[in-house]
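Here is a short briefing on salt bridges, helix packing and two buried positions. Keep the sequence and the 3D view open as you read.

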Amino acid sequence: MSFLDDSAKLLLRKDPPGLEIAHYWRRTTSTLSDPSRRLLSYLVSALLSRGWLGAVENLLDAAADNLHESRAQVTAEFESLTALDLISVEAGKITQLAGLLSTKPTGITFKFDQHTEVHLLGPLAALAVSHALQKAGVVRAKCAADAGQKIELTCDLTGIASRSPETVALFLPAWDGEVSPAQAARGGGLFHSDEALDAWQQAQGSPLGMPIASMLFPMAAVDLGADLGSTLEAALNHLPDFS
């Protein structure tokens, strides 16, 4: 079964390949009710503080108590967020939140507050996470073409401030709406050099998407991260309530 219907897929075709997911998150988060934003903020805060999340039913019971809402209302908000793919669930456990955070290892992490580390959904999340969560930290990843090469993106509250090595490049996968955006966002990756990016693209059969070369990274990738980060920050506007 396709994630999007045919009319929504047509809307995706207006977006440049590689930017469909970012634009989907922007359109989606703009429709969220304030109670849904509170619930999403609450769940993200729980993951950030613990590093893990329990069973969904237990989480929703706790959310109802902490948010002073009925269990039925919290359940309805949760189902709405899940339908939009701002929450993903497998076997009764949350697997991703807000298009940013994964509860399973992905090879990309965000370390903040000197000791806390969370898994990121994919390369797009790596660009936006510090702005979205309003937390300075370091994104760490292995080069998608050569796991022996390490990449670090140092982030302040506005996004990426510096990168190591300076030759970091990026590939954002295209999305046709067939699978969920969170599933598609796991594609692509960060690369330690333009040569590594080129080699990966060739090995993958030149997949559809947006390659961002090292020369363009300081402008294109950073601007994209700031834009998406501000979008997701607005969807998580109750985070300070639970931090």
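R38 is partly exposed, with a relative accessible area of 22%. Its salt-bridge partner is E69, and the closest N and O atoms of the two are 3.0 Å apart. The model is predicted, so side-chain atom pairs count only at pLDDT 80 or more. The structure holds ten salt bridges in total; three are taken up below, followed by one helix pair and two buried residues.

**The R38–E69 salt bridge**
- R38 sits in helix α3, which spans residues 34-50.
- E69 lies in the loop between α4 (56-67) and α5 (71-83).
- The two residues are 31 apart in sequence, and the pair links distant parts of the chain.
- E69 has a relative accessibility of 13%, so E69 counts as buried, because buried means under 20%.
- R38, at 22%, is partly exposed.

**The α3–α4 contact**
- R38 also takes part in the contact between α3 and α4.
- The axes of these two helices come within 11 Å and cross at roughly 115 degrees.
- That angle makes α3 roughly perpendicular to α4.
- The crossing of α3 past α4 is right-handed.
- On the α3 side, the contact is made by R38, L39, Y42, L43 and R50.
- On the α4 side, L59, A62, A63, N66 and L67 make the contact.
- By type, the contact residues divide into seven nonpolar, one polar and two charged.

**Salt bridges between α4 and α5**
- R71 and E57 form a salt bridge, with 2.6 Å between the closest N and O atoms.
- R71 belongs to helix α5 and E57 to helix α4; they are 14 residues apart, and the pair links distant parts of the chain.
- R71 is partly exposed, with a relative accessible area of 27%.
- E57 also counts as partly exposed, at 47% relative accessibility.
- A network of salt bridges links E57, D61 and R71.

**L60, a buried residue of α4**
- L60 is found in helix α4.
- Its relative accessibility is 3%, so L60 counts as buried.
- Residues up to four places away in sequence aside, L60 touches R71, V74, T75 and F78.
- R71 therefore appears twice: as a contact of L60 and as the salt-bridge partner of E57, where contact means heavy atoms within 4.5 Å.
- L60 and A220 are 160 residues apart along the chain, and their C-alpha atoms are separated by 39 Å.

**The R26–D227 salt bridge**
- The side chains of R26 and D227 meet in a salt bridge, at 2.2 Å from N to O.
- R26 lies in helix α2 (residues 20-29) and D227 in helix α9 (residues 217-235), so the pair ties together parts that are 201 residues apart in sequence.
- R26 is partly exposed, with a relative accessible area of 30%.
- D227 is partly exposed too, at 33%.

**A22, a buried residue of α2**
- A22 is placed in helix α2.
- With a relative accessible area of 1%, A22 is buried.
- Which residues does A22 contact, leaving aside its neighbours within four places in sequence? They are L124, L224 and L228.
- A22 and L172 are 150 residues apart along the chain, and 9.9 Å separates their C-alpha atoms.

Notes: Residues are numbered from 1 along each chain as its sequence is written. This is a predicted model: local features need pLDDT of at least 70, side-chain atom pairs count only at pLDDT 80 or more; totals for chains, interfaces and linings use all residues. Side-chain values use heavy atoms; hydrogens and water are left out. A salt bridge is a side-chain nitrogen of Lys or Arg within 4 Å of a carboxyl oxygen of Asp or Glu. Helices (H or I, at least four residues) and strands (E, at least two) are DSSP runs, numbered from the N terminus. Buried means under 20% relative accessible area, exposed over 50%, partly exposed in between (1.4 Å probe, protein chains only). Axes are lines fitted to C-alpha atoms, for helices over the stretch in contact, and angles run from 0 to 180 degrees between N-to-C directions. Angles under 35 degrees count as roughly parallel, over 145 as roughly antiparallel, 65 to 115 as roughly perpendicular and the rest as oblique. A crossing is left-handed if the near helix is turned anticlockwise from the far one by less than a right angle, and right-handed if clockwise. Ala, Val, Leu, Ile, Met, Phe, Trp, Tyr, Cys and Pro count as nonpolar, Asp, Glu, Lys and Arg as charged, and the others, Gly among them, as polar.
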